[in-house]
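Work through the following exercises with the sequence and the structure open beside you. Try each task before you read its solution.

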Amino acid sequence: MNLTNQQQIAEIYQQPFFQLISKSRHIHQQNFADDMELCQLISVKTGGCPEDCGYCSQSIKNSSEIKVNPLLPTDEIEAIVKEAKANGVKRLCMGAAYRSPNSSALKKICEYIKIVKQHDLESCVTLGNINPQQAQELKQAGLDYYNHNIDTSPEYYPKIVTTRKFEDRIDTIKNVGEAGIQVCTGGILGMGETLEDRISFIHALTQLPFVPGSITVNMLVKIPGTKLNDVPDLDKLELVRVIATIRILFPQSRIRLTAGRINLSELEQSICFMSGANSIFYGEKLLTTDNNDKNSDHQLLAKLGITSNA
Ligand code: SF4
């Protein structure tokens, strides 16, 4: 990927809407068939997180009502993996609410990864900050992807999270990439950021030490008890502009339309897919929020003529 400065990204992002999505569609077609990667996200350890991410119900700093759960037993993971496989899921993403996992937690999560691999699924985990040694352990267990979102622009980030620096996130992404694990990263739109922040967020993605194989684009899901519960809604055309701009800048990365998809109509989702999104979370639950109904997803993909076993 060519290094692109913020001004160039702004020009891509702000061009007339139909021109932007025509270009992103063209680049999409040069690099992908019309297929959809189905990933499933499960929470393997829920709540009690010491970080203060303003959007998250799992933070002990927020007052959301949430059922706290320790790490799941391995036999439960095995059952989930088998069901995911039977449902045609390609990748299982396992999220645990940690600042950073301790050694016994990491050991158990390595066991989960081995189970996922035994069933021939791709594995992904999101565990917070990890150091080079932890990244190596995960790689040895067979981990394919590590998710660590940068969330938003470096400038707006301190308004959302104060307990972990933006640079800490880049360090983790570097450790992941250096261990030979594919990077999954992205952010959340509609957290009260400006247009400049959205452009700066995309620019920050282009500056990462490793090109992400997966890029997640979330729309904020407002959760009572979090400090972002009352931010104004984002114009959904901005979501489409972000997806299209990322497609143009990252022609070969999967773009995953993630949290907040449940609040999009079929037509809105279709425009996101047309503009470059080609991965979704599949299953009725994300970490702690609701996701789209599986049957509705299959029906929508069938109506659009998109295959779902990418
Ligand atoms: S987003 Fe992750 S790190 Fe932040 S509070 Fe939630 S669980 Fe903790």
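**Exercise 1: The shell around the ligand**

In this predicted model, the shell around the ligand consists by class of five nonpolar, one polar and two charged residues. Find the residues that make up the shell around the ligand, and sort them by class.

Solution. Begin by listing the residues around the ligand, which are Cys49, Glu51, Cys53, Tyr55, Cys56, Ser59, Ala97 and Arg164. Next, assign the classes: Cys, Tyr and Ala count as nonpolar, Glu and Arg as charged, and Ser falls among the polar ones.

**Exercise 2: The surroundings of Lys222**

Locate Lys222 and describe which residues it touches.

Solution. First, place Lys222 in the loop between strand S6 (214-219) and helix H9 (236-249). Then consider its exposure: the relative accessible area is 30%, and because partly exposed covers the range between 20% and 50%, Lys222 is partly exposed. Leaving aside residues up to four places away in sequence, Lys222 touches Leu228, Asn229, Val231, Pro232 and Asp233. Finally, look at the side chain of Lys222, which reaches the backbone oxygen of Val231 at 2.6 Å and is joined to the side chain of Asp233 by a polar contact of 2.5 Å.

**Exercise 3: Helix H9**

Check the length of H9 against its expected span, and decide how far it is enclosed.

Solution. At 1.5 Å a residue, the 14 residues of H9 should span 20 Å, and this agrees with its end C-alpha atoms, which are 20 Å apart. Turning to burial, 12 of the 14 residues are buried, so H9 is largely enclosed by the rest of the structure; among the buried residues are Glu238, Arg241 and Leu249. At the N-terminal end, Asp235 caps H9, with a side-chain oxygen 2.9 Å from the backbone nitrogen of Leu237.

Key
Residues numbered from 1 in each chain as written. Predicted model: local features only at pLDDT ≥ 70, side-chain atom pairs only at ≥ 80, totals over all residues. Heavy atoms only, no water. Near = heavy atom within 4 Å. Helix = DSSP H or I, 4+ residues; strand = E, 2+ residues; numbered from the N terminus. Buried < 20%, exposed > 50% of the residue type's maximum accessible area, 1.4 Å probe, protein only. Contact = heavy atoms within 4.5 Å. Polar contact = N/O pair within 3.5 Å; in protein donor to acceptor, adjacent residues only side chain to side chain. Expected span 1.5 Å × (residues − 1).
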